[in-house]
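Me: I'm new to this structure and would like to learn how to read it. Could you walk me through a few features, one at a time?

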Amino acid sequence: MRTGQSPSVTMTGVVIALGLLSHAPLLWAASPPAADQRPATAAAEPADDREDQIVANYLRDCVGKAPKNANCDKLRNDFVATLKEDLFTLGSTADRKYISGLVRFFRRRPEIELRIDAAHAIGMIGPEDSDVNILVPMTNDPVPDVRYAAYHMIPHGKGKALDLLKERIARQNPGREIEKPTDAAKFSMPVAPDSVYLYESSDATRGRLSYVVRKGDAASFFKSKAKKGPFKWNQFKEQYRYQLKDEDEAMDQAQQAAGKKLESEQPPDPAKNMEAYVAYMQKLGSVSTQGSMGKMMFDLYQQNLYGDPTVYVLEERQIGQRSYPTKYAVVYQELAFKRPGYRLAWTTVPDDALKAAQVASLKEQKEEEAHQAASKKNDEAAKKREAELDSLTKKKDDAEKKTFKKGQSDLEKELGF
Amino acid sequence: MVNFRMLLSAVSLSIAMLSWPQAGSGAAKSCVENMNDIYKRVQALDMDDNLTNVLAKASVRGKAQEYINDTLPAFKAACPTEANSIKDLENGNYLKKLAAEREKRRKAFARIKAASGGFSDGPGEDRDLEDLEVQR
C-alpha cells in the first residue's frame with residue numbers, strides 16, 4: 001500500500017464498514033433461516049424417489065432370462081429414459097471424477113441407447129490421455145452405432161494419445177445389430193491365443209481380420225506356423241509385387257463386372273418401393289468398395305500407428321505361372337491401443353481371376369525384365385567405355401610426361417648441365 | 001441517532017457506488033461481469049462448504065453465506081441493474097439451487113452405479129476396464 005493513499009483507503013473502509021453495519025438488519029432479514037440452508041431438494045425429492053424406484057424395480061424384476069414383471073417393456077422404457085437423463089446430468093458437470101464410473105456403466109449395460117449416451121457423457125466431460133486405456137475397449141463395441149458414438153467421443157478430449165486413437169479408429173457404418181466376430185477357422189486361418197477380435201478393422205469379404213493380443217507375443221505363434229518369412233512389410237510388398245498387383249487387378253475386374261451387371265438392372269422406384277430402393281442403393285455402395293481400393297485401408301500400415309510390421313507367409317500356392325502368398329499374417333504393435341496386434345490376410349479372388357490378371361502382368365514383367373537387362377547391359381557398356389577412356393587418358397598422360405622429360409633432358413644437355 | 005445512521009448509510013452507499021467499477025470504464029469490469037464473478041465465487045465457496053460438510057457430516061454454508069453477506073450490499077448499490085441476481089443471492093435461492101443440483105448429481109450417479117451392478121472407487125478398480133473384450 002502506498003503511504004499517500006493509506007488514510008483515504010482506510011477511511012473508505014471504515015465508512016463502508018459502518019454502512020454495512022447500518023444495513024446489517026436488512027441483510028439479516030434477507031438471509032434465509034438456518035434450517036433453509038440445508039440441501040434444499042424437498043420439492044425435487046418425490047420425483048427422484050420415483051426415478052430411484054424405476055431403476056430399482058427394473059433391475060430387480062426385469063434383468064435376467066426370466067423377467068418377474070409382466071410390465072417389463074414399459075419399465076424398460078422408463079428405466080432407459082431415467083438413466084439417459086442421469087447420463088446427461090453427469091456429462092454436463094464436466095467433472096472428470098465420473099469418467100471411470102461411466103466407463104464401467106458402459107461395459108455393464110446391454111442397452112445400446114444407454115451405451116451411446118454414456119459415450120456422449122464422457123465426451124461432454126472431456127477425456128484425457130490418462131483415460132485412453134479404459135476408452136479403447138469402447139471403440140471395439142460389437143454394435144456399429146455404439147462404436148460410432150465412441151468415435152465421436154474421442155475428439156472431445158485433448159492429448160497426443162487421444163489424437164493417435166482418433167487417427168486409428170475409423171468412422172463406422174451405421175447399424176444397431178450386434179455383430180459377431182468372424183470365425184477365422186472358416187477361412188483356415190490360425191488365431192493366436194488370447195486374441196481379441198477388432199470389429200472395425202476386420203472384413204472377411206476383403207480377406208482381412210484384425211486382432212489384438214492380451215498377453216504374450218503373436219510373432220512367436222506365427223513364426224511356428226510360417227512357411228516363409230519373416231519379411232518386413234516393405235520387403236514383402238517388393239518381393240510379391242506382381243502377385244499383389246494381380247490380386248488388385250482381379251478385384252477391380254470383379255468390381256467392374258458387378259457394376260455393369262447392376263447398371264443393367266432397372267433401379268426400383270423409391271416412390272413405389274422404398275425398401276427395394278434402399279437395398280439397391282446398399283448393393284451399389286457395396287459394389288463401389290469391392291475393388292482394390294476398398295482393401296487398401298487394411299494394407300496401409302502407417303508407422304505412427306503400427307510401428308514396423310513383420311509378415312509371416314502361412315501359405316504359398318502356385319497359380320498359373322506364379323507362386324502367390326495366399327495366406328499371411330502381418331504382426332505389428334497397435335500403438336494407439338498400446339497392445340501387440342496382427343492382421344490375418346488371405347486372397348479372396350478365385351484362381352482363374354488371378355490367372356487372367358497374370359496375362360497382362362507377365363507381359364509387363366517380361367518387358368520390365370527386358371528393360372532392366374537392357375539397362376544393365378547399357379550400364380556395363382558405359383562402364384567399359386569409361387574404363388577404356390581412363391586407360392587411354394592415362395597412356396596419353398604417360399606419353400606426354402615422357403616427351404616432356406626427354407625434352408627437358410635434351411635442353412639440359414644442350415645447355416651443358 | 002436515526003438521522004445519524006441514515007446519514008452514515010447514505011455516505012457509505014455513495015462511496016461504494018463511486019468505488020465500484022462501472023461498465024465500460026477502461027479495464028474495469030462491468031456489472032454483469034462482476035455479477036458473474038460473484039456467482040462463480042459463491043459456487044466455489046459453496047463447493048468448499050459442501051466438502052467440509054461431507055467430511056464433518058454437518059450442514060452449514062458458512063463461507064458462501066459469509067461472502068454473500070460481505071459482498072452484496074456494496075454491489076447492490078453500485079449495480080442496481082443486477083437487482084434480480086442480487087435478490088436471487090439474498091433470498092438464498094441460488095444456494096438452494098446449487099444444493100439441488102448437487103443432490104441431483106449425487107442421485108444420478110447413485111443410479112448409474114446401481115445399474116452398473118455397483119462398484120467401489122478404490123485404487124486398482126479401473127484395471128478390469130482396460131480389457132478390450134466387452135462381454136455382451
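Me: Let's start with disulfides. Which residue does a disulfide join to Cys62(A)?

Reply: Happy to help! Keep in mind that this is a predicted model. To spot a disulfide, look for two cysteine sulfur atoms within 2.5 Å. Here Cys62(A) is joined to Cys72(A), with an S to S distance of 2.0 Å.

Me: What is the hand of that disulfide, and which parts does the pair tie together?

Reply: For the hand, look at the torsion about the S-S bond. For Cys62(A) and Cys72(A) the torsion is about -90 degrees, so this disulfide is left-handed. Cys62(A) sits in the loop between helix 2 (45-61) and helix 3 (72-91) of chain A, while Cys72(A) belongs to helix 3 of chain A, so the pair ties together parts ten residues apart in sequence. Both Cys62(A) and Cys72(A) are buried.

Me: How many disulfides are there over all chains?

Reply: The count comes to two over all chains. In chain B, Cys31(B) is joined to Cys79(B), with S to S at 2.0 Å. The torsion about the S-S bond of Cys31(B) and Cys79(B) is about -80 degrees, so this disulfide is left-handed. The pair links distant parts of the chain, 48 residues apart: Cys31(B) is in helix 2 (residues 31-56) of chain B, and Cys79(B) is in the loop between helix 3 (62-78) and helix 4 (83-90) of chain B. Cys31(B) and Cys79(B) are both buried.

Me: Now for helix packing. At what angle do helix 11 and helix 12 of chain A pack?

Reply: The general idea is that two packed helices are described by the angle between their axes and the distance between those axes. Helix 11 (residues 241-264) and helix 12 (residues 274-288) of chain A pack at about 155 degrees, with axes 9 Å apart. That makes the two helices of chain A roughly antiparallel, because angles over 145 degrees count that way. Helix 11 of chain A passes helix 12 of chain A in a left-handed crossing.

Me: Which residues make the contact?

Reply: Helix 11 of chain A brings Gln255(A), Ala258(A), Gly259(A) and Leu262(A), and helix 12 of chain A brings Tyr280(A), Lys283(A), Leu284(A), Val287(A) and Ser288(A). By class, this contact has five nonpolar, three polar and one charged residues.

Me: One last residue: does Ser292(A) count as buried or exposed?

Reply: Check its relative accessibility: at 14%, Ser292(A) counts as buried, because the cut-off for buried is under 20%. Ser292(A) is in helix 13 (residues 292-296) of chain A. Leaving aside neighbours within four places in sequence, Ser292(A) is in contact with Asp248(A), Met251(A) and Asp252(A).

Key
Residues numbered from 1 in each chain as written. Chains lettered and ligands numbered in written order. Predicted model: local features only at pLDDT ≥ 70, side-chain atom pairs only at ≥ 80, totals over all residues. Heavy atoms only, no water. Axes fitted to C-alpha atoms, helices over the stretch in contact; angles between N-to-C directions. Helix = DSSP H or I, 4+ residues; strand = E, 2+ residues; numbered from the N terminus. Parallel < 35°, antiparallel > 145°, perpendicular 65-115°, else oblique. Left-handed = near helix turned anticlockwise from the far one by under 90°. Contact = heavy atoms within 4.5 Å. Nonpolar A, V, L, I, M, F, W, Y, C, P; charged D, E, K, R; others polar. Buried < 20%, exposed > 50% of the residue type's maximum accessible area, 1.4 Å probe, protein only.
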